[in-house]
Amino acid sequence: MPHDLSAPLESAADVLRAASDVTLLAHVNPDADALGSALALGLVLHRLGKVVRVSFGAPDTVPETLRDLDVAGLLVPASAVPAAPEVLVALDTGSVGRLGPLGDRVSSAGAVVVLDHHVSNPGYGTVNVIDATAEATALVVLRLLDVLGVELDEPVARCVYAGLVTDTRSFRHASAATHEVAARLLAAGVDAEAVARPLMDSHPFGYLTMLAKVLARAELDADAAGGRGFVHAVVTLADAAGLRPEEVESVVDLVRTTAEAEVAAVLKELRPSSWSVSLRAVSAVDVGEVAQLLGGGGHRLAAGFTAEGGAADVLTRLRTALETVAG
């Protein structure tokens with residue numbers, strides 16, 4: 001059953017109804033759940049006559065696979081975000097730090113609404129709607145849309161579906177209630193194949209070359225993670241040259257399929273000696289706790305953190321945190 005968030009949902013709806021200008025922010029390197037959630041709510045608020053902008057701190061460009069969700073031209077660069085927003089909505093962002101260079105807007109905004117599903121979220125808003133039982137932030141947004149009493153038409157439903165299909169890994173990690181939500185979105189006109197294919201099943205040919213190099217260097221430590229197995233791979237700047245961030249982000253979905261490993265990690269080089277690390281677990285190890293030990297966060301089976309230094313040093317720190325949690 002959905003977590004009872006009636007009171008914070010009503011408070012969030014009241015804030016948004018009263019607002020004339022709303023800024024919606026996704027986390028840095030936004031995925032389909034973050035940006036889809038922001039655009040779904042932003043489109044509704046735009047139709048209600050609000051001045052609306054949707055943005056994120058980095059990178060400078062919108063992920064190509066998500067651009068078609070912005071049917072009303074709501075996306076703006078980080079430089080266009082007001083220094084002191086009237087109302088700020090942070091979506092799918094488990095901490096202020098995940099807003100990157102736009103994190104300072106949290107302290108300067110007139111009101112801050114946090115919509116999220118990360119268990120590690122401390123509740124940094126003036127209104128916090130956080131449901132750690134929800135498979136995606138898009139589900140939290142949909143519940144808010146229902147409280148607002150707005151129509152769920154195809155453009156809005158498509159944004160919600162994009163977040164839901166990706167964060168549930170094509171509904172492999174979805175409850176019966178979430179499948180019912182998916183049916184509702186399809187009934188609103190969403191073309192499931194048209195949404196899912198560019199997000200998960202379409203890559204340029206260069207992706208295969210990158211995978212060949214990266215996977216050839218992958219390593220498996222069967223004794224790590226308390227004897228449950230740990231597999232990891234590294235994507236360098238040279239490996240990723242000419243590819244979209246979407247291609248790099250998807251590597252972990254292949255590495256995680258290693259049958260001999262409970263935990264998978266992919267180190268992605270952002271700039272020399274700077275890394276974004278994706279963590280995944282099958283069932284037994286809480287990688288969200290592992291990530292928190294390293295300054296990051298996330299969910300029990302999917303989390304991440306950023307780190308500086310050489311790849312070997314980052315892996316050493318990761319192994320130490322992993323053994324602390326896994327035993």
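"Buried" here means a residue with under 20% relative accessible area. Keep that in mind as you click around this predicted model.

**Start with the whole chain.** Show everything as a cartoon and you should find 14 helices and 11 strands. Turn the protein along its principal axes: the C-alpha atoms fill a box of roughly 55 × 40 × 40 Å. A compact globule of 327 residues would have a radius of gyration near 20 Å, and this protein has 19 Å, so the two agree.

**Switch on the surface.** About 13,600 Å² is exposed, with carbon and sulfur atoms supplying 54% of it. Of the 327 residues, 51% are buried. Now colour the charges: there are 24 positive and 41 negative side chains, and the centres of the two sets lie 2 Å apart.

**Next, select residues 87–91.** This is strand β3, and 5 of its 5 residues are buried. Show the side chains. In a regular strand they alternate between the two faces of the sheet. Which residues sit on each side of β3? V87, V89 and L91 take one face, L88 and A90 the other, and both faces are covered.

**Add the neighbours.** Select residues 21–26, strand β1, which pairs with β3 in the parallel sense over 5 bridges. Look for L24 here, standing opposite V89 of β3. Then pick residues 111–116: this is β4, also joined to β3 in parallel fashion, over 5 bridges. In that pairing, L91 stands opposite L115 of β4.

**Finally, zoom back out.** Among contacts with a separation of 6 or more, 67% link residues 24 or more positions apart.

How values were computed. Residues are numbered from 1 along each chain as its sequence is written. This is a predicted model: local features need pLDDT of at least 70, side-chain atom pairs count only at pLDDT 80 or more; totals for chains, interfaces and linings use all residues. Side-chain values use heavy atoms; hydrogens and water are left out. Helices (H or I, at least four residues) and strands (E, at least two) are DSSP runs, numbered from the N terminus. The radius of gyration is taken over C-alpha atoms; the globule rule is 2.2 Å times the number of residues to the power 0.38. Buried means under 20% relative accessible area, exposed over 50%, partly exposed in between (1.4 Å probe, protein chains only). Contact means heavy atoms within 4.5 Å. Accessible areas come from the Shrake-Rupley method with a 1.4 Å probe; for residues, only the protein chains shown count as cover. Lys and Arg count as positive and Asp and Glu as negative; His and the chain ends are not counted. The place of a charge is taken as NZ of Lys, CZ of Arg, CG of Asp or CD of Glu. Two strands pair if DSSP finds at least two bridges between them.
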